[in-house]
Amino acid sequence: MTDADGPVSRAVADAHRREWAGVLAATVRVTRDLDLAEECVQEAYAQALTAWRDGVPARPGAWLTTAARRRALDAHRRAAVAQRALPLLVVDEVAPEPWGTPPDDLLALLFTCCHPALTAEARVALTLRLLGGLTTPEIARAFLVTEPTMAARLTRAKKKIAAAGVPFRVPGPDELPRRLAGVLTVVALVLTTGHTAPTGAALVRDDLLDRAHDLARLLRSRFPDDADVAGLLALVLLTDARRASRTDPAGGLVLLADQDRASWDADMITEGRVLVRTALTARPVRRYAVLAAIAAVHADAATFADTDWPEIVGLYDVLAARWPSPVVTLNRAVAVGFADGPDAGLAALDALRDEPRLAAYGYLAAARGELLRRAGRDAEARTALEEAALLTANDVERELLADRLAALDG
């Protein structure tokens, strides 16, 4: 008897989306081995498909954690596991909560995934795997690499963590500022990947956006006085408040200019505005506070025509002065195109003409094509939009580019 699309399968899928990271974090403390912890948690979810036919437990996360940790303890009793699991994570002894999960285990797993011993790419991939619950093929598609390449990359990252003696804990006060900055970067990348999926048939990855929410709120609860953490949570809220309006009923992309602003999440926007004001009081100004302030300007505009584009350009100027990057320059040029006209935007884009890091970046060609289209330079716009379509792996974005090209023909 199966329950392919029945209530039990839906309950297990929902528990995977909501509880995976917490269950895995609690299991790592028992196994001290990331691979073994994953195996035990996966087995617990498989067991739930059968066990929950008699009724879904009131606390699915607690049930799954107990099942996974029992499997981990059984595995540790087998002598072969002790040999396979060396070297092991360094795990502090911490008193558990009443239902069995030590405090800060989720944060400890997050800081472990984001350890500076790993490359920036490996930190994001490992976070998506262990805290986001993504499969290896899904992560491979996000990074535009083959599945075997990503599997090997994840395996190397886990081995490096164990071999380097990375402790499974939240860093102490001397180490925390440097480590926290790396964690915030990874959470911001999870937000970006969920907001616009790099590949696939859907524009948005709801599971990643939900995970970005969870992680940002977790960090805010643990570090309530940190302005960068406040700015990151504000950025998550103000960016994701538009989720429901970004696609039409058929899944097609709806541009910011055409979105139904009445469908934006008012509660998220209100909370995000408060957090932005809090974050902007810190000196020196923090990066995520500025990014969140840009999102707040969009949220404050009753219509697209009311957007304060000069204010947005000014905020990008702050970013460019303190945290320069080609993507900041690109986004500033787009804002200039709305503030001062498409010719001014194209002139601003000229700064990126020979930027090698954006050679295969589809958004540069798309931005240029849109500015050229608005400037009435249709032939050049067509070339740029065709280039953007070739560089775009998301089906929804590619369909929008095809519509733009068809409109030029029309």
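Is tryptophan 63 buried, partly exposed or exposed? Tryptophan 63 is partly exposed, with a relative accessible area of 24%. The legends below describe close-up views of a predicted model.

**Figure 1. Tryptophan 52 and tryptophan 63 form an edge-to-face aromatic pair.** The ring centres are 5.5 Å apart and the planes meet at 75 degrees. Tryptophan 52 belongs to the loop between α2 (34-51) and α3 (60-76), whereas tryptophan 63 belongs to helix α3, so the pair ties together parts that are eleven residues apart in sequence. Tryptophan 52 is buried, at 1% relative accessible area, while tryptophan 63 is partly exposed, at 24%. The count of aromatic pairs in the model comes to six.

**Figure 2. Leucine 64 is a buried residue of helix α3.** Its relative accessibility is 0%. Setting aside residues up to four places away in sequence, leucine 64 touches Ala15, Val23, Ala44, Tyr45, Ala48 and Trp52. The last of these, Trp52, is also a member of the aromatic pair with tryptophan 63. Between the C-alpha atoms of leucine 64 and arginine 277 the separation is 40 Å, and the two residues are 213 residues apart along the chain.

**Figure 3. Leu109 and Leu219 have the most contacts inside the largest nonpolar core.** This core has 102 residues. Helix α13 (residues 287-300) gives the most to it, with ten residues. Apart from this core lies another, of 21 residues, including Leu330, Leu346, Ala365 and Ala389. In soluble globular proteins, nonpolar side chains tend to be buried together.

**Figure 4. Leucine 219 is in contact with leucines and valines from other parts of the sequence.** Neighbours within four places in sequence are left aside here. The leucines in contact with leucine 219 are Leu107, Leu110, Leu180 and Leu184. The valines are Val183, Val187 and Val229. A UniProt annotation from an unreviewed entry, "domain: DUF6596", covers residues 179-279. Over residues 179-279 the chain is 61% helix and 0% strand, and the C-alpha atoms at the two ends are 19 Å apart.

**Figure 5. Arginine 242 lies over the face of tryptophan 264.** The distance from the ring centre is 5.9 Å. A second charge over a ring is found at phenylalanine 338, where the charged end of arginine 374 sits 4.6 Å from the ring centre. Phe338 also forms one aromatic cluster with Phe304 and Trp309.

**Figure 6. The peptide bond from arginine 283 to proline 284 is cis.** Omega for this bond is near 0 degrees. Proline 284 is placed in the loop between α12 (266-280) and α13. Helix α13 covers residues 287-300 and gives ten residues to the largest nonpolar core.

**Figure 7. Arginine 32 has a positive phi value.** Phi is near 55 degrees, in a residue other than glycine. Arginine 32 lies in the loop between α1 (7-31) and α2. Its relative accessibility of 34% counts as partly exposed.

**Figure 8. Aspartate 343 is an exposed residue of helix α16 (residues 342-349).** The relative accessible area of aspartate 343 is 54%. Beyond neighbours within four places in sequence, aspartate 343 is in contact with Ala375 and Arg377. The C-alpha atoms of aspartate 343 and tyrosine 45 are separated by 56 Å, with their positions 298 residues apart along the chain counted as the separation.

**Figure 9. Alanine 117 lies in the loop between α5 (105-113) and α6 (120-130).** At 28% relative accessibility, alanine 117 is partly exposed. The C-alpha atoms of alanine 117 and leucine 209 are separated by 26 Å, and these residues are 92 residues apart along the chain.

**Figure 10. Over residues 94-103 the pLDDT is below 50.** For the protein chain, the mean pLDDT is 89, and 92% of the residues reach 70 or more. Beyond near neighbours in sequence, the stretch at residues 94-103 has 19 contacts in the model.

Technical notes
Residues numbered from 1 in each chain as written. Predicted model: local features only at pLDDT ≥ 70, side-chain atom pairs only at ≥ 80, totals over all residues. Heavy atoms only, no water. UniProt positions renumbered as here; feature names shortened; annotations may be inferred. Helix = DSSP H or I, 4+ residues; strand = E, 2+ residues; numbered from the N terminus. Core = buried A, V, L, I, M, F, W, Y, C linked by side-chain atoms within 4.5 Å. Buried < 20%, exposed > 50% of the residue type's maximum accessible area, 1.4 Å probe, protein only. Contact = heavy atoms within 4.5 Å. pLDDT = per-residue confidence, 0-100. Phe/Tyr/Trp six-rings, centres within 6.5 Å; stacked < 30°, edge-to-face > 60°. Lys NZ or Arg CZ within 6 Å of the ring centre and 35° of its normal.
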